[in-house]
Amino acid sequence: QVQLVESGGGLVQPGGSLRLSCAASGFYLDNYAMNWYRQAPGKERELVAGITSVSASTNYADAVKGRFTISRDNTKKTLYLQMNSLKPEDTAVYYCNAFRSFNAVKVNYWGKGTLVTVSS
């Protein structure tokens, strides 16, 4: 059974930090690119950060560059998102995503999300 379970969300003051985790099970994580998405109230889901499967290359949305860091530990089957210098506009539900494309077949797995609220 495939599962992605996010944790680490919560309420934090502007300028604070949080570390999100995503525990994966039921599939071979090493073969998948991993991403963090977020969805704020009334807005569409957007890609926050991604990390490739083999080279662990990373990419970030412009809004979080220099503040967020994505990483993965395949031995622990866990994805992380370190979020620093948080702003109220970072408030959203954050979702973990695993993606793989092979033989023209695209596979996407999603977690249920964890809420991050940035407020004083």
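The following legends describe four close-up views of a predicted model.

**View 1. Strands E1, E3, E8 and E7 form an open sheet.**
The four strands follow the order E1-E3-E8-E7, and their pairing is antiparallel. Strand E1 (3–7) and strand E7 (68–73) occupy the edges; each has a single partner strand, so one side of each remains without a neighbour in the sheet. On average, neighbouring strands of this sheet are turned by 15° against each other, direction ignored. At one edge, E1 is joined by five bridges to strand E3 (residues 18–25), and the two run antiparallel. Within this pairing, Val-5 is placed opposite Ala-23 of E3. In a regular strand, side chains alternate between the two faces of the sheet.

**View 2. A disulfide links Cys-22 and Cys-96.**
A disulfide is a covalent bond between the sulfur atoms of two cysteines. A search of the whole structure finds one such link. The sulfur atoms of Cys-22 and Cys-96 are 2.1 Å apart. The link is left-handed, with -80° about the S-S bond. Because Cys-22 belongs to strand E3 and Cys-96 to strand E9, the pair ties together parts that lie 74 residues apart in sequence. Are the two cysteines buried or exposed? Cys-22 has a relative accessible area of 1% and is buried; Cys-96, with a value of 0%, is buried as well.

**View 3. Strands E9 and E10 form a hairpin.**
Strand E9 (residues 92–102) and strand E10 (residues 105–110) run antiparallel and are joined by six bridges. Phe-99 stands opposite Asn-108, a residue of E10. Two residues separate the strands of the hairpin, and Asn-103 adopts a positive phi near 50° there.

**View 4. Asn-97 is a buried residue of strand E9.**
The relative accessibility of Asn-97 is 1%, and a residue is called buried when this value is under 20%, so Asn-97 counts as buried. Which groups does the side chain of Asn-97 reach? One polar contact, at 3.0 Å, is made with the side chain of Asn-108. The side chain of Asn-97 also reaches the backbone oxygen of Tyr-109, at 3.3 Å. Leaving aside residues up to four places away in sequence, Asn-97 touches Leu-4, Ala-33, Met-34, Asn-35, Tyr-37, Asn-108, Tyr-109 and Trp-110. Asn-108, one of these residues, is also the residue that stands opposite Phe-99 in the pairing of View 3.

Definitions and conventions:
Residues are numbered from 1 along each chain as its sequence is written. This is a predicted model: local features need pLDDT of at least 70, side-chain atom pairs count only at pLDDT 80 or more; totals for chains, interfaces and linings use all residues. Side-chain values use heavy atoms; hydrogens and water are left out. Two strands pair if DSSP finds at least two bridges between them. Axes are lines fitted to C-alpha atoms, for helices over the stretch in contact, and angles run from 0 to 180 degrees between N-to-C directions. Buried means under 20% relative accessible area, exposed over 50%, partly exposed in between (1.4 Å probe, protein chains only). A polar contact is a pair of N or O atoms within 3.5 Å; within protein, one must be able to donate a hydrogen and the other to accept it, and residues adjacent in sequence count only if both atoms are side-chain atoms. Contact means heavy atoms within 4.5 Å. A disulfide is a pair of cysteine sulfur atoms within 2.5 Å.
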